[in-house]
Amino acid sequence: MPLAGEPGFGVYVHWPFCAAKCPYCDFNSHVRHQPVDQPRFAAAFEREMAAMRARTGSRTVTSIFLGGGTPSLMRPETVGAVLEAVARHWSVPDGIEITLEANPSSVEAERFRGYRATGVNRVSLGVQALNDADLRFLGRLHDVEEALKAIGLARDIFPRLSFDLIYARPGQTLAAWEAELEQAIGYAADHLSLYQLTIEEGTRFHALHAAGKIAVPDGDHAADLYDLTQAVTAARGLPAYEISNHARPGAESRHNLVYWRYGEYVGIGPGAHGRFVEEGRRVVTVTEKTPETWLNLVEAKGHGIVDGEILSRSEEADEFLLMGLRLAEGIELDRYEHLSGQELSRERLAVLQGEGLVAPIGNSRLRVTPAGMVVLNAVVADLAR
């Protein structure tokens, strides 16, 4: 992967609706049993974009990401309207990465071709597992056959494809995960997102875990699964470029690199977050989570922003560390010093380097080692204090 140049400017659009709420999911997603008024939401997305454009000024977009929720529940004409709205408010060069998240259960060939016709050139599929028992446990609406059909369609229709898997599932052995991962790599085009199952507060799994009805792998076994994941993907030509993301060189997610390289982005739609520089300072925007409330706010005042802040230099620097040290390429030390107004502590760096948790890249960059990635949060906390 090339080292970081300009971090970029991304546009994230959140479609908040799902056919069902997965028991592990703490994203802003909502189930509605009546049809969603898609033209009304598309118009509201554009109104909120206009409000954001007034704050960001003229920018050149480097990536667009349609996330959720389940964006593949949108009709192609809705996606087209959203992408046209982005292009009306900012400069959108030809050929930039435009990603749409999709669930295999909502995939149809005609719909996929419709998305491609609107300009979507990368799809990210929420596969999550390649055995039916675990798909049922995870609350997914598709089975393995549907997942493989969706992968095949995506490979035929889109230039780029990624799909997600969740591992460290209850009772998952190293051998079982290795076999499933090898199978996944056989189907993958150029990118995999591989996440350990985490028990998030407010989810159904959190209640079941608290009641002793779900047992996730302990720390040592989870670390072994992580190490196995790194070894297998690297051996098969999809090394980790970020703690949970693996790609063939050149196929990294350009939009997610905007986040991890601490670039700027606007967040459009219910529950979306944005971070961009306004009048020389980095600002945070947070929109209303409930879709209908967000919609009413946008129609009444042009946007659904309900929270936000201006970050201090130290907060910017801490976020830069938190995001950038997730990457195999690490961070630019000069940029950290520019954001924070000071160098990283040489004493703490020496201790962490002596423990084999961080390593310099020449004289200008710092990265976390594979051993450090297992305890990344502790490494970042130590450097940021």
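# A tour from serine 244 to a three-stranded sheet

Serine 244 counts as buried, its relative accessibility being 14%, and this value, like every other on the tour, comes from a predicted model. Select serine 244 to begin, and the loop between strand 9 and strand 10 (residues 245–247) comes into view around it. Which residues is serine 244 in contact with, once its neighbours within four places in sequence are left aside? Select Leu192, Ser193, Leu194 and Tyr195 to display these contacts of serine 244. A distance label can be added between the C-alpha atoms of serine 244 and leucine 141, which lie 103 residues apart along the chain and are separated by 24 Å.

**The whole chain**

Now zoom out and colour by secondary structure, which shows 15 helices and 17 strands in the chain. The radius of gyration is 21 Å, close to the 21 Å that the globule rule gives for 385 residues, so the chain is as compact as a globular protein of that length. Turned along its principal axes, the C-alpha trace of the chain spans about 60 × 50 × 45 Å. If the residues are coloured by relative accessibility, 53% of the 385 in the chain count as buried. With the surface switched on, the accessible area of the chain comes to about 16,700 Å², and 51% of that belongs to carbon and sulfur atoms. A contact map gives another view of the fold: among contacts between residues at least 6 apart in sequence, 70% join residues at least 24 apart.

**Salt bridges across the chain**

The next stops are taken from the 16 salt bridges that the structure holds. Select glutamate 182 and arginine 236, whose side chains meet in a salt bridge with an N to O distance of 2.2 Å. This pair links distant parts of the chain, since glutamate 182 belongs to helix 6 (residues 174–187) while arginine 236 sits in the loop between helix 8 (219–235) and strand 9 (240–242), 54 residues apart. Are these two partners buried, exposed or partly exposed? Glutamate 182 is partly exposed, with a relative accessible area of 30%, and arginine 236 also counts as partly exposed, at 36%.

Move next to arginine 326 and glutamate 242, which form a salt bridge whose closest N and O atoms are 2.6 Å apart. Here too distant parts of the chain are linked, with arginine 326 in the loop between helix 11 (313–324) and strand 15, and glutamate 242 in strand 9, 84 residues apart. The two partners fall into separate accessibility classes: arginine 326 is partly exposed at 27%, whereas glutamate 242 is buried at 1%.

Then select arginine 365 and glutamate 329, a salt bridge with 3.9 Å from N to O. Arginine 365 lies in strand 17 and glutamate 329 in the loop between helix 11 and strand 15, so that distant parts of the chain, 36 residues apart, are again linked. Both partners count as buried, arginine 365 with a relative accessibility of 5% and glutamate 329 with 4%. Elsewhere in the chain, Asp134, Arg169 and Glu180 can be selected together, as salt bridges that share partners join them into one network.

**The sheet around strand 17**

Return to arginine 365 and display the strands around it. Strand 17 is the middle member of an open sheet of three strands, ordered 15-17-16 and paired in the antiparallel sense. Strand 15 (331–332) and strand 16 (358–361) stand at the edges, each with a single partner strand, so one side of each is left without a neighbour in the sheet. In general, strands of a sheet pair through backbone hydrogen bonds, either parallel or antiparallel.

How many bridges join strand 15 and strand 17? Two bridges hold this antiparallel pair, in which strand 17 covers residues 365–368. Isoleucine 331 has leucine 366 as its bridge partner in strand 17, and glutamate 332 stands opposite arginine 365. On the side of strand 16, four bridges join the strand to strand 17, again antiparallel, and isoleucine 361 stands opposite arginine 365.

End the tour at glycine 362, in the hairpin of strand 16 and strand 17, where three residues lie between the strands and glycine 362 takes a positive phi near 65°.

Note on methods
Residues numbered from 1 in each chain as written. Predicted model: local features only at pLDDT ≥ 70, side-chain atom pairs only at ≥ 80, totals over all residues. Heavy atoms only, no water. Pairing = 2+ DSSP bridges. Salt bridge = Lys/Arg side-chain N within 4 Å of Asp/Glu carboxyl O. Buried < 20%, exposed > 50% of the residue type's maximum accessible area, 1.4 Å probe, protein only. Rg over C-alpha atoms; globule rule 2.2 N^0.38 Å. Contact = heavy atoms within 4.5 Å. Areas by Shrake-Rupley, 256 points an atom, 1.4 Å probe, with all protein chains shown as cover.
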